[in-house]
Amino acid sequence: MRDQLNVVMVGHVDHGKSTVIGRLLADTHSLPEGKLASVKEFCRRNARPFEYAFLLDALKEEQAQGITIDAARCFFKTSNRDYILIDAPGHVEFLKNMITGASRADAAVLVIDAQEGVQENSRRHGYLLSLLGIRQLVVVVNKMDLAGRRLDAFEKIKREYGAFLQQIGVHPKAYVPACARDGENIAVRADWYVGPTVLECLDAFDKDAGPFQASFRMPVQDIYKFTAAGDDRRIIAGTVQSGILRCGDEVTFFPSNKTSRVKTFEHFNGQAPVEAGPSQAVGLTFEDELYLRPGEMLCKTGEPGPHVASRFRANLFWLGRSPLIFHKRYKIKINSAQAVAEMTEIRQVLDAAVLSSTKKTCVDRHDVAECVFETAKPVAFDLTSELETTARFVIVDQFEIAGAGIILESLPGRHVALGDHISHREREWEGSVISRVSREAQYHHKSKFIAITGSSDPLCRILGSALEKTLFARDFKTYYLGPASLKSGLDADVESSFDEWDETIRRLGELARIITDSGQIFISAIPNADLDDIAALKALNAPNEIMVVNTDDLLNDQNVPSLESAVRTICDQLIKETIIPDYSI
Amino acid sequence: MDHLEKLESKSVHILREAYREFKSLCMLWSIGKDSTVLLWLARKAFFGHVPFPLVHIDTHCKIPEMIQYRDQLALEWRLNMIYGENAEAIQQKRTFPDGTVDRLTCCRSLKSEALRHTLSGEWPRYRMEHALKKYVPDESRESYTGVIVGVRADEEGSRSKERYFSRRDKDSEWDIAEQPPEVWTYYKTDFAPGTHVRVHPLLDWTELNIWEYIERETIPVVPLYFNQGNGRRYRSLGCWPCTNPVESDARNVAEIVAELRTGKFVRIAERAGRAQDQEDGGGLETLRRDGYM
């Protein structure tokens, strides 16, 4: 079977990227029959000189303006392998399209005009290639005819650009002087040159087999339980990023720390795989019934695990129409997880075209910035120095990918943003003229927020209502708020937004802060809350007190009569904490 | 992994992203080889299941074998099969074969418009009722926000510029100059109200890859693709008035693969037999901006 390599063509606008590709296609006889003739005819009819670039600029608007707007894929083959060539636009306006094209590539060709020399986007594209993780690069110094085909002109650009690449740790495989318009050194060597042609450089690129030797990483993309036709498999699906996994391997999921052992590789048609490696899309079943959500990272037990944190430092390229600003709640996609993220610190902003850094209070379009991000929940990731592919994330703003980043460092501490919010709130809080002590004296009990959680939604609700009834019967000021009331009322506007769950928790926490401040015992049910949700509720309800009740510990389906005893246990605890008086005295 | 396994894995990843992110998802099935490979990839991704409806736009000009094959597979693979149509244009004979409109207008009305109104749920949809083995009116009127489509980048110019996840506005229009970025394997899965997203898992596949995969997986395809003894076969399938067979001796999948690798079609574009592409310099680009697949 033949090998396929994706190569992106980058560089400053008008330096001749599309021409290099057009020439490659024409000189390797890869164009469809009649295509060259029809483009030549189009040029004749429109009284325009023929250019090889016209073969690529397929959109009407591109032909009209004579520039490439969006990355195009071209398919061509050599005797060595098949290629997809991606023509990326060089105009700064279309940088997002350049990034899109480049991030699909295994290798890159960067084109520099011999006469104009190294320009803004020559450097910016070089920098972005390194950020995107494209290690294999060939630099083509094009339009050598305009420099009289003098090799000293070529050497000068090679030195200048080489010095720049050195600074960002990029090491090109070769520099080629060429004249794409005349087909010199593209597929055919000119008589004034002895080195490899562009085509020979392409064929010399290595096909990266992927990080087989590294620690195993598979972001959990989804969990399937299709019941049609009696199917009872519970399948964990995802695409392997690095390492190798086999049947019987012990595994750990992060951040949940759940563990199990691989039972089967599931498949449809053909042979069932016995192992999985990088880039493979797989489906697995495990020895244990695991309750997981998409977004976990599947790793092999015993191998170095990922970082699990809610703060990290990253290098980020910003593409958004609006700048990246402090304390705005963005959506982050990191491996298969999605979370709410805030940018809490800008260490420096870099102009990638000149590599000069400045201090700024926001990150504008096309800036490269080193910043600190904080996620509402801990996420699993690697550092780019350790495992490249699982160190990548994007920030979504206004429904679109607005920033792409690589993680440099995992930072300690968490909920700095939430802490900031709470300390601000407490400073601004308008305290009541009635003191806590006088309220407690009049109500004959203290206030408390009782959060009931557990894996069974109905049990949480039943227990919440039963507790409210008991406390009310003893004349205490109490109120039970069911999740459905919250969902269709106070939370009606957050439904189906990406931060729905975090926002639900935040609002419930704020509400608890208010009701407990009024001196009441506030009860609510939050089924399936995890430790982070509980920590957030606790922080939001502060300075007032919270009690967390887990129905999985107190109750279970087989033991329904114990509802009363569960209520009694909670009341005993309230007495012990002197929230309510002990009536038996 | 060889190149077909790589293509397969990437497409499967994209299908799973779409299934996770879009509550109201469907897949377009034109009955041709590409969207049939796409359907097969869905069965790969979801381990034999196809957990979303398949939507077919019936122009009533399809070659009869195509409809027969569609319904046969729908029953056999237990697909949630749905079709829609532009009933009014067909009834009023506003079609190219009726001689009343040109090819592009016909495509726009029988395909683009029918597709738009079928996806939005404004026009009636018909659903295969497996128990009765026939189509019944579909009671659901929900509009699909994610639409999986089997276009390939090597087919023609505008398709070479597509994203894997491509935004369409409420009129199904494609704003080519303002396509959102895609970085690494992160795609556009967030969308503003009133817009929808087209998902393209086959972008990196070539015509040859499609046939190589059909061969490896032994995927059933419509026999119209093969020379039945008259030295002609269809290379691309569409409506009968606008699709012409090509001269070819290939009688089976292996012979098609050989023909595409080294034979007479190595340098002849696949859609060369599609008449609507030839009208107006950028015929297909114009159609696609309006929501044509």
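A polar contact is a pair of N or O atoms within 3.5 Å, where within protein one atom must be able to donate a hydrogen and the other to accept it. The exercises below apply this and a few other cut-offs to a predicted model.

**Exercise 1. Describe the surroundings of A:Asp552, and find which side chain makes a polar contact with the side chain of A:Asp552.**

Step 1: Place the residue. A:Asp552 belongs to helix α14 of chain A, which covers residues 551-554, and with a relative accessible area of 40% A:Asp552 is partly exposed.

Step 2: List the contacts beyond the neighbours within four places in sequence. These are A:Gly454, A:Ser455 and A:Ser456. Although A:Asp552 and A:Gly454 are 98 residues apart in sequence, their C-alpha atoms are 5.4 Å apart in space.

Step 3: Apply the cut-off. The side chains of A:Asp552 and A:Ser455 make a polar contact at 3.1 Å, and the limit for such a contact is 3.5 Å.

**Exercise 2. Explain why A:Cys201 is too far from the closest cysteine sulfur for a bond, and then examine B:Cys106.**

Step 1: Recall the chemistry. A disulfide is a covalent bond between the sulfur atoms of two cysteines, and the cut-off needed here is a sulfur pair within 2.5 Å.

Step 2: Test A:Cys201. The closest cysteine sulfur belongs to A:Cys179 and lies 17 Å from that of A:Cys201, so the separation is too great for a bond. A:Cys201 is also buried, at a relative accessible area of 7%.

Step 3: Test B:Cys106. This residue takes part in no disulfide, since the nearest cysteine sulfur, that of B:Cys61, is 5.8 Å away. B:Cys106 likewise counts as buried, at 9% relative accessibility.

Step 4: Give the total. Over all chains, the count comes to 0 disulfides.

**Exercise 3. Characterise the interface between chain A and chain B, stating how many salt bridges are counted there.**

Step 1: Count the residues. On the side of chain A, 74 residues are in contact with 67 residues of chain B.

Step 2: Give the area. About 5,800 Å² is buried between chain A and chain B, and carbon and sulfur atoms give 54% of this area.

Step 3: Turn to the polar terms. There are 3 salt bridges between the two chains, and A:Glu400 forms a salt bridge with B:Arg167 in which the closest N and O atoms are 2.2 Å apart. The rule also finds 28 residue pairs in polar contact across this interface, with both residues at pLDDT 80 or more.

Step 4: Ask what supplies the side of chain A. Strand β21 of chain A, residues 400-410, provides the largest share, 5 residues, while the residues of that side divide into 34 nonpolar, 19 polar and 21 charged.

**Exercise 4. Decide whether A:Ala26 is buried or exposed, and describe the helix that holds A:Ala26.**

Step 1: Locate and classify. A:Ala26 lies in helix α1 of chain A, residues 17-27, and is buried because its relative accessible area of 16% falls under the 20% limit.

Step 2: Look at the contacts. Not counting residues up to four places away in sequence, A:Ala26 touches A:Leu31 and A:Tyr52.

Step 3: Widen the view to the helix. Of the 11 residues of α1(A), 10 are buried, so this helix is largely enclosed by the rest of the structure. The buried residues pack against several elements of chain A, including β1 (4-11), β4 (107-113) and α7 (198-204).

Step 4: Follow the chain onward. Just after α1(A), A:His29 takes a positive phi of about 55 degrees.

Notes: Residues are numbered from 1 along each chain as its sequence is written. Chains are lettered from A and ligands numbered from 1 in the order in which they are written. This is a predicted model: local features need pLDDT of at least 70, side-chain atom pairs count only at pLDDT 80 or more; totals for chains, interfaces and linings use all residues. Side-chain values use heavy atoms; hydrogens and water are left out. Buried means under 20% relative accessible area, exposed over 50%, partly exposed in between (1.4 Å probe, protein chains only). Contact means heavy atoms within 4.5 Å. Buried area is the accessible area (1.4 Å probe) that two parts lose on being put together, summed over both. A salt bridge is a side-chain nitrogen of Lys or Arg within 4 Å of a carboxyl oxygen of Asp or Glu. Helices (H or I, at least four residues) and strands (E, at least two) are DSSP runs, numbered from the N terminus. Ala, Val, Leu, Ile, Met, Phe, Trp, Tyr, Cys and Pro count as nonpolar, Asp, Glu, Lys and Arg as charged, and the others, Gly among them, as polar.
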